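Okay, thanks for coming, everyone. I'll put the structure up now, so have a look at it while I get going.

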Amino acid sequence: MKKFYLALQIGSLRKSVYPLLGQTTIGRGADNTISIPDPAISHNHAKVSFQEGYWTVEDLQSANGIMVDGTRVERLALKSGDTFQLGEILFRFIEEEIAESENQFVDTIEILSSVEGLGILGEKEEPELSFERIREVVAAIPFFHPLNEVERRELADTAELHGFGAGGMIIKEGDPGRSVYVILNGRVRVFTRDYDGNEEELTILEKGQFFGVMSFLTGKSRSAYVSALDTSMLMELSFASMRKLIRGNLRVREVLLDYFRDRQRNAKEKGDRLGV
């Protein structure tokens with residue numbers, strides 16, 4: 001079974017892989033499937049879609065267009081390994097053959113982790129050891145426990161993977177967004193800033209933990225900053241996939257609500273904001 005992805009790198013501290021499940025829009029605006037905070041990218045810059053048996057990327061009347069080897073193009077039929085540039089961001093189209101298996105959830109993460117040229121685990125990581133840790137982390141995540149094989153497969157199909165170098169900014173306070181992040185490897189720091197710009201640390205989160213639940217449940221903007229303390233791999237679950245998951249599984253909903261109540265209680269005791 002073939003799967004298709006877009007991989008990209010933003011600066012030196014963020015690398016991401018997005019599964020292509022249908023028409024995918026790319027732009028600076030939060031309403032895009034892939035939102036990129038780059039001033040050289042238009043609000044709605046380009047779209048990737050499956051047409052007449054192959055994937056294509058098309059310009060959406062953007063200011064700077066789609067660049068391929070220094071030449072501006074309006075439309076490009078994509079083959080595995082092809083690259084194109086939007087603003088300062090280089091995108092790579094990836095086609096992978098994935099066998100149907102009982103462990104497709106983990107298989108998908110392994111494929112996303114090892115796509116050629118991405119190096120998302122970091123140079124010092126041993127791939128086999130990292131994959132084993134990923135298996136352990138996935139098995140230990142509370143809201144994955146009640147999922148059956150079909151639900152895990154559906155979740156794997158929608159998961160986005162992000163690799164951040166130490167110091168990489170994952171979320172900024174005030175950002176829109178209702179997705180939930182799961183830490184597969186590394187550690188992240190949650191903090192706020194006062195009016196003078198001084199940082200106030202809220203918590204440190206490690207592998208197996210998750211964040212983003214506050215915005216997911218309330219619909220409000222992100223209320224804290226999150227940055228990577230170490231080289232970290234994160235799995236991002238979209239609002240649509242998480243909403244479908246909790247509607248069909250009461251236990252998953254209870255796990256998220258318990259987390260929300262704990263954050264409310266801790267914030268009240270410490271006088272802190274809720275954070276993410």
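Let's start with one residue: which residues does S227 touch, not counting residues up to four places away in sequence? The list is G167, G168, M169, I170, V188, R189 and F191, where contact is heavy atoms within 4.5 Å.

Before I go on, the small print. This is a predicted model, where local features need pLDDT of at least 70, side-chain atom pairs count only at pLDDT 80 or more, and totals for chains, interfaces and linings use all residues. Residues are numbered from 1 along each chain as its sequence is written, and side-chain values use heavy atoms, with hydrogens and water left out.

Back to S227. It lies in strand β18; strands here are DSSP runs of E, at least two residues, helices are runs of H or I, at least four, and both are numbered from the N terminus. S227 is buried, at a relative accessible area of 9%. Buried means under 20%, exposed over 50%, and partly exposed in between, with a 1.4 Å probe and protein chains only.

Now the sheet around it. Four strands make an open, antiparallel sheet, in the order β13-β18-β15-β16; two strands pair if DSSP finds at least two bridges between them. At the edges stand β13 (169-171) and β16 (199-206), each with a single partner strand, so one side of each has no neighbour in the sheet.

Look at β15, residues 187-193, which pairs with β18, residues 225-228, over 4 bridges. With β16, β15 pairs over 7 bridges, again antiparallel. R189 has a bridge partner on each hand: S227 in β18 and I204 in β16. The β15-β16 connection is a hairpin with 5 residues in between, and G197 in that turn has a positive phi of about 90°. β15 is mostly covered, too, with 5 of its 7 residues buried.

Just ahead of β18, S223 sits in the loop that comes after α4 (213-218). S223 is partly exposed, at 24% relative accessibility. From S223 to F191 is 32 residues in sequence, yet 9.4 Å C-alpha to C-alpha.

What about the packing? The largest nonpolar core has 40 residues, and I170 and F211 have the most contacts inside it. By core I mean a set of buried Ala, Val, Leu, Ile, Met, Phe, Trp, Tyr and Cys residues joined through side-chain atoms within 4.5 Å. Beyond four places in sequence, I170 is in contact with several residues, including F164, Y181, V188, F211 and our S227. Another core, of 23 residues, lies apart from that one, with I41, L86, I89 and F91 among its members.

One helix to point out: α5, residues 239-248, where S241, M242, L245 and I246 are buried. Down the axis, the buried residues of α5 fall within an arc of 125° (taken from the directions from the axis to the C-beta atoms), so they line one face of the helix. The face turned away carries the exposed K244, R247 and G248.

Last, confidence. Mean pLDDT, the predictor's confidence in each residue from 0 to 100, is 82, and 82% of residues reach 70 or more. Residues 123-129 stay under 50, with 4 contacts beyond four places in sequence. Where pLDDT is low, the predicted coordinates should not be read in detail.
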